[in-house]
Amino acid sequence: MIIYAGIDGTSAENDNDYGNTFKESFVRRLAYQYQSTYWSKPPYYHRGPYTWGVDTRWYAEDAYNYVVKHWKEGNAKAVFLGGYSRGAAAMIEVAWWLKYYQQIPVECMILFDPVDRSASLGWGNFANTKIADSVKYVIQPTRNVWSTHSRITFGKCGTTMQDAGKTVRWTSEFHATHGGVGGTPWGTATNPYTNEPRDTIWEYGEPQPTLLTPADDRNGAIAVESYAFPLFKMVYNKCFERLQKEEPVEKPIEKKPDFQVNPQIGGSLPPTGGGKGGQRIHIVKSGDWLSKIAQQYYGDMNKWKFLYYDVPGNKEEIGPDPNLIKPGQKIIVPYI
């Protein structure tokens with residue numbers, strides 16, 4: 001009846017080290033601590049992106065496909081999304097894709113200090129995507145950058161909404177590091193460049209230390225949990241009670257791609273060959289990416305791999321990085 005998908009934040013490259021660091025993260029706890037009593041299907045949970053973030057969109061696509069599959073099979077009538085850091089930015093995009101391509105609403109997004117530092121993700125500008133008006137509730141604890149000096153180079157995203165009248169949004173700043181807000185407070189404080197002990201935490205890659213001790217960060221994480229989890233439980237209970245009273249909902253009408261568009265930037269040139277075995281040429285426009293093109297023509301975002309690796313000529317046209325396509329490039333889109 002109610003399903004959950006969560007993507008965590010960036011940390012250790014090694015999966016074992018990552019698992020140890022994030023075993024008590026808030027996004028992971030929402031998935032597994034409540035698995036048997038809250039979620040009608042096994043939740044989707046994925047570790048956060050690696051350092052450079054080029055895999056952010058891939059994880060977002062996986063979460064999107066998980067939701068769509070269960071919704072279409074009738075296993076879900078409400079969707080909860082959770083994310084931390086880049087994982088939270090990914091979930092903001094997932095909510096847009098669910099709205100635009102499937103007309104699937106999101107009951108609640110729990111976003112722990114979202115930041116968008118990935119060039120592989122974004123609805124249009126790759127930065128600060130608005131929260132879609134198809135999201136009913138948003139719970140969004142963030143770090144207080146100026147009182148903590150935590151991750152001053154990261155910025156924040158998810159700061160605007162498409163329609164504030166349609167979305168209830170709870171947000172508050174906390175005296176915790178970026179890690180503390182995600183449920184992974186720092187245990188020790190060292191100089192990341194010399195490994196010498198310090199009183200206050202210094203996050204790797206930052207030009208200056210934070211103003212927080214490890215004890216401060218643990219207390220901040222406790223405050224975040226005390227804020228976010230009761231709100232989550234309240235929203236969940238309201239959702240569950242509503243669904244118990246409602247009749248079974250109809251499946252949403254899937255948006256069908258329109259292939260008959262003008263031969264201009266962002267459109268499709270007239271097909272050659274016609275039908276199976278023929279092909280179309282998609283001219284890339286600003287804001288396009290391969291998975292978006294695959295969704296438009298095939299109704300399946302994962303077909304980007306087919307377009308890039310299996311269609312002769314496309315890899316040569318695009319170049320070595322499938323995440324970087326440029327306006328004016330011509331992508332061959334076969335009928336299949």
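Which backbone nitrogen does the side chain of S150 reach at 2.8 Å? It is the backbone nitrogen of H178. Before we follow that up, a word on what you are looking at. This is a predicted model, in which local features need pLDDT of at least 70 and side-chain atom pairs count only at pLDDT 80 or more, while totals for chains, interfaces and linings use all residues. Residues are numbered from 1 along each chain as its sequence is written, and side-chain values use heavy atoms, with hydrogens and water left out.

Let us stay with S150 for a moment. You will find S150 in the loop between α5 (145-148) and β6 (168-174). Helices (H or I, at least four residues) and strands (E, at least two) are DSSP runs, numbered from the N terminus. S150 counts as buried because its relative accessibility is 0%; buried means under 20% relative accessible area, exposed means over 50%, and partly exposed lies in between (1.4 Å probe, protein chains only). The side chain of S150 also makes a polar contact of 2.7 Å with the side chain of E203. A polar contact is a pair of N or O atoms within 3.5 Å; within protein, one must be able to donate a hydrogen and the other to accept it, and residues adjacent in sequence count only if both atoms are side-chain atoms. Leaving aside residues up to four places away in sequence, S150 touches R143, V145, A176, T177, H178, E203 and T210, where contact means heavy atoms within 4.5 Å.

The loop between α5 and β6 also holds D163. D163 counts as partly exposed because its relative accessibility is 29%. From C-alpha to C-alpha, D163 is 9.8 Å from V135 in space, with their positions 28 residues apart in sequence.

V135 leads us to the strands, since β5 covers residues 135-143. Eight of the nine residues of β5 are buried. On one hand, β5 pairs with β4 (residues 106-112) in the parallel sense over four bridges; strands pair if DSSP finds at least two bridges between them. In that pairing, I110 has I139 of β5 as its bridge partner. On the other hand, β5 runs parallel to β6, joined by seven bridges. Here R143 is matched with F174 of β6.

Now look for the nonpolar cores. A nonpolar core is a set of buried Ala, Val, Leu, Ile, Met, Phe, Trp, Tyr and Cys residues joined through side-chain atoms within 4.5 Å. The largest has 35 residues, and V67, L81, M91, V94 and M109 have the most contacts inside it. At least two residues of this core come from each of β1 (2-7), α3 (56-72), β3 (78-84), α4 (86-102), β4 and β5. Its largest share, ten residues, is supplied by α4. Try clicking on M109: not counting residues up to four places away in sequence, M109 touches L81, M91, I92, A95, I131, V135, Y137, V138 and I139. Apart from this core lies another, of 32 residues, with F22, Y45, F174 and A176 among them.

Next come the rings. The whole structure has 31 aromatic pairs. Rings of Phe, Tyr and Trp (its six-membered ring) pair if their centres lie within 6.5 Å; planes under 30 degrees apart count as stacked, over 60 as edge-to-face, and the rest as tilted. Y38 and F232 are stacked, at 5.6 Å centre to centre and 25° between the planes. Y38 lies in the loop between α2 (26-32) and β2 (44-46) and F232 in helix α7 (residues 214-245), so this pair ties together parts that are 194 residues apart in sequence. W39 and Y236 are edge-to-face instead, at 5.7 Å centre to centre and 85° between the planes. Y38, F232, W39 and Y236 are among the members of one aromatic cluster, which also includes Y4 and F240.

Our last stop is helix α8 (residues 290-298). Eight of its nine residues are buried, so α8 is largely enclosed by the rest of the structure. Among the buried residues are L290, K292 and Y298. After α8 comes G299, whose phi is positive, near 70°.
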